Amino acid sequence: MHYGVSESKESFVLLTEGLRKSFSFGNSKIEVLHSVDLTLKKSESLSIRGDSGCGKSTLLNLLARLELADSGSVYWEGKKLNASEKPSTHEISKRASFLGVIYQSYYLIPELTVLENVLLPNRFLDRVDSTQRQRAMDLLEKMGVLDKQNQIPGKLSGGERQRVAIARAMINYPEVILADEPTGNLDERTGGEVMDLLLQSCVEEETSLILVTHNPKFARATSRSSVLQDGTLNEV
Ligand SMILES: Nc1ncnc2c1ncn2[C@@H]1O[C@H](COP(=O)(O)OP(=O)(O)OP(=O)(O)O)[C@@H](O)[C@H]1O
Ligand SMILES: [Mg+2]
């Protein structure tokens with residue numbers, strides 16, 4: 001998955017070079033990612049499939065700089081970040097507007113209402129005004145759950161929770177969404193509806209997407225597809 005010599009790194013919204021990651025326990029060590037080179041352009045969507053335990057979630061954590069690599073680089077909008085060093089405070093605040101993340105288990109805050117959950121990333125940025133609230137409500141409407149805005153997540157179905165999580169991921173107009181098996185807890189039909197909403201919203205807002213999924217149909221719905229195997233990422 002190497003970029004062509006004619007293309008500069010600035011033309012990719014997300015790029016990695018030689019990402020390596022291992023885990024040690026006791027005397028044993030497993031190398032999960034040997035050397036991952038990934039490229040993603042603006043508005044592109046890339047699916048990643050691979051056996052359970054092959055390192056998909058680990059890779060997403062490295063891309064989000066939530067975990068440290070053994071070596072290698074991650075580029076956010078052409079800016080090189082040393083993946084084995086702790087992120088700077090500047091990077092951490094950039095992450096809130098650069099990236100949105102969606103997990104299989106939703107990770108909504110149970111005590112907060114749906115609307116408060118969607119606005120949570122803005123609370124961290126200390127930025128909640130009427131424009132932000134309108135953006136949150138527009139997203140909830142697009143996701144078909146505006147009528148649930150004052151409910152707590154515990155009263156919502158799995159599909160509704162994931163719609164709220166998509167709205168939360170998109171609140172700050174991120175450049176990239178990382179979705180880790182977003183339909184993994186949903187039945188086929190609900191999963192299909194949620195996936196359609198996610199893909200459609202990314203296209204409409206020109207948001208790039210990395211989608212980890214075990215579902216071959218969803219994996220084919222992205223503009224590019226890849227498989228993570230034996231620690232390397234190969235386009236298929
Ligand atoms: N913090 C950790 N400490 C030790 N080993 C870990 C840690 N996190 C992940 N691993 C190991 O790294 C490997 C990759 O895990 P990862 O969660 O990235 O897999 P995955 O491809 O996302 O799997 P799944 O499809 O089941 O979600 C696994 O063998 C896992 O046990
Ligand atoms: Mg995983």
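Trainee: In this predicted model, which residue of strand β5 stands opposite R20?

Mentor: The residue opposite R20 is S71, which lies in β5.

Trainee: Why are strand β1 (residues 14-25) and strand β5 (residues 71-76) said to pair?

Mentor: Pairing requires at least two bridges between two strands, and β1 and β5 are joined by five bridges in the antiparallel sense, so they count as a pair.

Trainee: What makes β5 and strand β6 (residues 79-82) a pair as well?

Mentor: Four bridges join β5 to β6, and the two run antiparallel; the requirement is at least two, so this pair qualifies too. As one instance, S73 has N82 in β6 as its bridge partner. Between the strands of this hairpin lie two residues, and E77 takes a positive phi near 50°.

Trainee: Why is K56 called charged, when it belongs to the shell around ligand 1?

Mentor: Lys is one of the residue types that count as charged, so K56 falls in that class, and the shell as a whole divides into five nonpolar, six polar and one charged. Its largest share, three residues, comes from α1.

Trainee: How do you know that A179 is in contact with I102, a residue well apart from it in the numbering?

Mentor: Contact means that the C-beta atoms, placed from the backbone, lie within 7 Å, and A179 touches I102, L198, L209, I210, L211 and V212 once residues up to four places away in sequence are left out. A179 is also among the residues with the most contacts inside the largest nonpolar core, which has 59 residues, and helix α6 (residues 158-170) gives the largest share of this core, six residues.

Terms used: Residues are numbered from 1 along each chain as its sequence is written. Chains are lettered from A and ligands numbered from 1 in the order in which they are written. This is a predicted model: local features need pLDDT of at least 70, side-chain atom pairs count only at pLDDT 80 or more; totals for chains, interfaces and linings use all residues. A residue is near a molecule or strand if its C-beta atom, placed from the backbone, lies within 6 Å of it. A nonpolar core is a set of buried Ala, Val, Leu, Ile, Met, Phe, Trp, Tyr and Cys residues joined through C-beta atoms within 7 Å. A residue is buried if 20 or more other C-beta atoms lie within 10 Å of its own, exposed if 12 or fewer, and partly exposed in between; C-beta atoms are placed from the backbone. Two residues are in contact if their C-beta atoms, placed from the backbone, lie within 7 Å.
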